[in-house]
Amino acid sequence: MDGASSKENCSYQDVLNHLNLNYNNKLFYMTRPVINYTTVTEVNLDLLLYAILEMKEKEQLFVPYVWITMWWNNDYISWNPDEFCGISSLSVPTEIMWKPDLTIEETIEKDSAPPSPYVTITSRGNVELTNDQVLVSTCRMQVYRFPFDTQSCNLTFKSFIHSDEEIKLVYYGNSSAATEESRELMRTQSEWLFINITVTSQTIQYYSFNQTLVIYTINMKRRSALYIVNFLLPIVFFLCLDLASFLISDSGGEKLSFKITVLLAVTVMQLILNDILPSSSNRIPLIATYCIGIFALMMLSLLESVFVMYLTEKDNAPQDNETDEDLKLSEDKRDKTRPEREVNKLSHSTSGCDVSPIKTPSEMLPVAKEDGNIQQMKVSLANDELSQLIKTLTLHLSSRKEEAKPGYWTRVAKRINNAFFLFYFSVASLFLIYMFFKWVQ
């Protein structure tokens, strides 16, 4: 008879029949499962971090994937496993069992995934519920040291309506155990490096009763390598290009257009940064100070280039007027020498075309005198042309010397440019060193 009875009781349904556990029995799900209402239901809680899916700095949202396990005691459930072939636990639908009304304060969206359809009950009366959830929770992010920041996001569990006299929340294990188990389960961390989980409990007064809160703090550090390569270093390269622009001549507009292009590139980087960082930050992030500082240095360099070009143009303007006057004087002198050259040509033509019969010596004497006068005129005209040529060459050489020698404002502009380059290089170096130590401290 004992063997037959043991075989008959070797099913889960036999256990359920023994407990009278079914959908119609409201004893198990209508009220808190205690025989005496003064008995406090102790709910044990355990959370493991499975993945860090996303961190939205702009909206200050934290999206983790967690496994939440909680268990409590039900006074109406108990059986002897020896009477049911050693069955010590079984799974039943969650609808027929009472569950604590736990909530997470930071969540702002409900998990779209369906909850676990079953709970596990044991022969000692323990009821265990395990859920995996994708939580969309708020997180007050401190982006002052972005992208070298460390964030701490809380997940605060509490009962929605019950006080500590009815439900008492207790966290299972400790911080080191939760950290090690989460690190073993971790599948993805996105751009974040998981550091640890700290678990604390806190009792607060909520209206006229006390409630115990269990707070899981997830600490993580941002992976900054991608931001260094794609953001910080390009801005430093733009600064180096702006320094290299001092090698470009100030005479043309190439230097000015080059500096404006580099300045616009830094402006684009600032717009990208504005889409990342939250606008509700209490302090200006260091990366914003970094961009604004470099932008200010480049703007100052652009203004200095405009001022230097203004001084250079101011020095070149009078020289252009003088050269125009010199050209007019040279043209007037050439016009004056043209009649003399025509007279010379006429004398040559007349001497060449004068064919006369043989004259007597008395007749040739006036002709000789005339030839002497013509020769003297030729010599004087040649001397005049030579002196005019010498004056023209002297004027040209003097103008070339004046062009080779820079003017007063050009010399002032060069001094200002050299002094500003030293100032610019020193300030930029000190600023970068200051930002480096502020980030690493």
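Which residues line the second largest cavity? Keep that question in mind while the whole chain is on screen, since the tour comes back to it.

**Before selecting anything**

This is a predicted model, in which local features need pLDDT of at least 70 and side-chain atom pairs count only at pLDDT 80 or more, while totals for chains, interfaces and linings use all residues. Residues are numbered from 1 along each chain as its sequence is written, and side-chain values use heavy atoms, with hydrogens and water left out.

**The whole protein**

Colour by secondary structure, and 8 helices and 12 strands appear; these are DSSP runs numbered from the N terminus, helices being H or I with at least four residues and strands E with at least two. Of the 441 residues, 35% are buried, where buried means under 20% relative accessible area, exposed means over 50%, and partly exposed lies in between, with a 1.4 Å probe and protein chains only.

**The core**

Select Met 97, Ile 121 and Phe 157, which touch the most other members of the largest nonpolar core, a set of 78 residues. Helix α6 (residues 286-353) gives the most to this core, with 8 residues. A nonpolar core here is a set of buried Ala, Val, Leu, Ile, Met, Phe, Trp, Tyr and Cys residues joined through side-chain atoms within 4.5 Å. Now centre on Phe 157: leaving aside its neighbours within four places in sequence, its contacts (heavy atoms within 4.5 Å) include Leu 45, Ile 68, Thr 103, Leu 169 and Tyr 216.

**The largest pocket**

Move next to Leu 102, Thr 103, Ile 104, Asn 131 and Gln 133, which among the 24 lining residues are the closest to the centre of the largest pocket. The space in this pocket is about 620 Å³, and β7 supplies the largest share of its lining, 5 residues. By class the lining divides into 12 nonpolar, 6 polar and 6 charged residues; Ala, Val, Leu, Ile, Met, Phe, Trp, Tyr, Cys and Pro count as nonpolar, Asp, Glu, Lys and Arg as charged, and the others, Gly among them, as polar.

On a 1 Å grid over the protein atoms alone, a pocket is an open set of points with protein on both sides within 12 Å along at least five of seven lines, a cavity is a set where a 1.4 Å probe fits but cannot get out, and lining residues have an atom within 4 Å of a point. Points are joined across faces, edges and corners, and a volume is the space filled by probe spheres set on them.

**Back to the opening question**

Select Ser 159, His 162, Ser 163, Asp 164, Ile 167, Leu 169, Gln 211 and Thr 212, for these line the second largest cavity. Both β10 (167-171) and β12 (209-222) give two or more residues to that lining, and the space enclosed is about 30 Å³.

**Three stops in the loops**

In the loop between β1 (41-56) and β2, find Lys 58, which counts as partly exposed because its relative accessibility is 37%. Lys 58 is 83 residues from Met 141 in sequence, yet their C-alpha atoms are 9.5 Å apart in space.

Go on to the loop between β8 (136-138) and β9 (150-159), where Pro 147 is placed; a cis peptide bond joins Phe 146 and Pro 147, with omega about 5 degrees.

End at Asn 20, in the loop between α2 (12-19) and β1, which has a positive phi of about 60 degrees although it is not a glycine.
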